[in-house]
Amino acid sequence: MALEHAILVSLEERSGSGYELARRFDKSIGYFWAASHQQIYRTLKRMVELGWVSADHVTQSEAPDKKVYRVSAAGRDELARWIAESTEPAAFRNDLSVKVRAASYGDVDDVLAELVHHRRRHLERLDVYRAIEKHDFPDPARLSGQSLHQYLVLRGGIRAEQGLADWCDEVLDALRRDQGRTKDRS
């Protein structure tokens, strides 16, 4: 997915300034698609040039003027085109997987420490997602439309983080068992 499409989705949900959009990325979309504030501003500029978004200049008395971005008809067409486009599932690719595979070439204790760190971070993120679920979606059976779609993405995040934390537990157990066997053979 291109950052442009994540921005189009966010702006379809609610128009906003670049700053507001960056804050939304920090608090919601950013859990599933990360972008720095600089990337967002550069991409917004490019999207204006492409005609996918327009910007209204808003004068503010107590703050600097700002641009409020909204999706244009061309942007809606691009979003619809992208939604209809077939994509492949993302591959499970991360540094930790390569480190686990390479554990026998280094210090296994270093890999164990890295796994503990990743497990903790996955559980922290899982707690955040569950708090969002409890606060924003207390009655999922009644959801429809945009709120249902947001909830389903959140559920995907919950399941992914739980699965990754479980995988860390599995790998930790296996590596620790293997270390015990290796010590017994020495």
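Helices (H or I, at least four residues) and strands (E, at least two) are DSSP runs, numbered from the N terminus. The model is predicted, so that local features need pLDDT of at least 70 and side-chain atom pairs count only at pLDDT 80 or more, while totals for chains, interfaces and linings use all residues. Residues are numbered from 1 along each chain as its sequence is written, and side-chain values use heavy atoms, with hydrogens and water left out.

**Exercise 1.** Describe the largest pocket by its volume, its lining residues and the elements that supply them.

*Solution.* A pocket is an open set of points on a 1 Å grid over the protein atoms alone, with protein on both sides within 12 Å along at least five of seven lines, and its lining residues have an atom within 4 Å of a point. Its volume, the space filled by 1.4 Å probe spheres set on the points, is about 960 Å³ for the largest pocket. The lining comprises 28 residues, and those nearest the centre are Glu13, Ile29, Phe32, Gln150 and Val153. Two or more lining residues come from each of α1 (3-13), α2 (18-27), α4 (73-84), α6 (108-136) and α7 (145-185), with α7 giving the largest share, 8 residues. By class, the lining of the largest pocket holds 16 nonpolar residues (Ala, Val, Leu, Ile, Met, Phe, Trp, Tyr, Cys and Pro), 5 charged (Asp, Glu, Lys and Arg) and 7 polar (the others, Gly among them).

**Exercise 2.** Find which helix gives the largest share of the lining of the second largest pocket.

*Solution.* The second largest pocket has a volume of about 310 Å³, and Phe92, Arg93, Asn94, His122 and Leu164 lie nearest its centre among 14 lining residues. Both α6 and α7 supply at least two of the lining residues, but the largest share, 5 residues, belongs to α6. The lining of this second pocket divides into 7 nonpolar, 4 polar and 3 charged residues.

**Exercise 3.** Trace how α1 is covered and what it gives to the largest nonpolar core.

*Solution.* In α1, 8 of 11 residues are buried (under 20% relative accessible area, 1.4 Å probe, protein chains only), among them Glu4, His5 and Ser10. Their cover includes β1 (16-17), α2, α3 (37-50), β2 (53-58), β3 (66-71) and α4. The largest nonpolar core, a set of buried Ala, Val, Leu, Ile, Met, Phe, Trp, Tyr and Cys residues joined through side-chain atoms within 4.5 Å, has 19 residues, with Ile7, Leu8 and Leu11 among those with the most contacts inside it. The largest share of this core, 5 residues, comes from α1. Beyond its neighbours within four places in sequence, Leu11 is in contact (heavy atoms within 4.5 Å) with Gly16, Leu21, Arg24, Leu44, Val53, Tyr69 and Val71.

Key. Buried means under 20% relative accessible area, exposed over 50%, partly exposed in between (1.4 Å probe, protein chains only).
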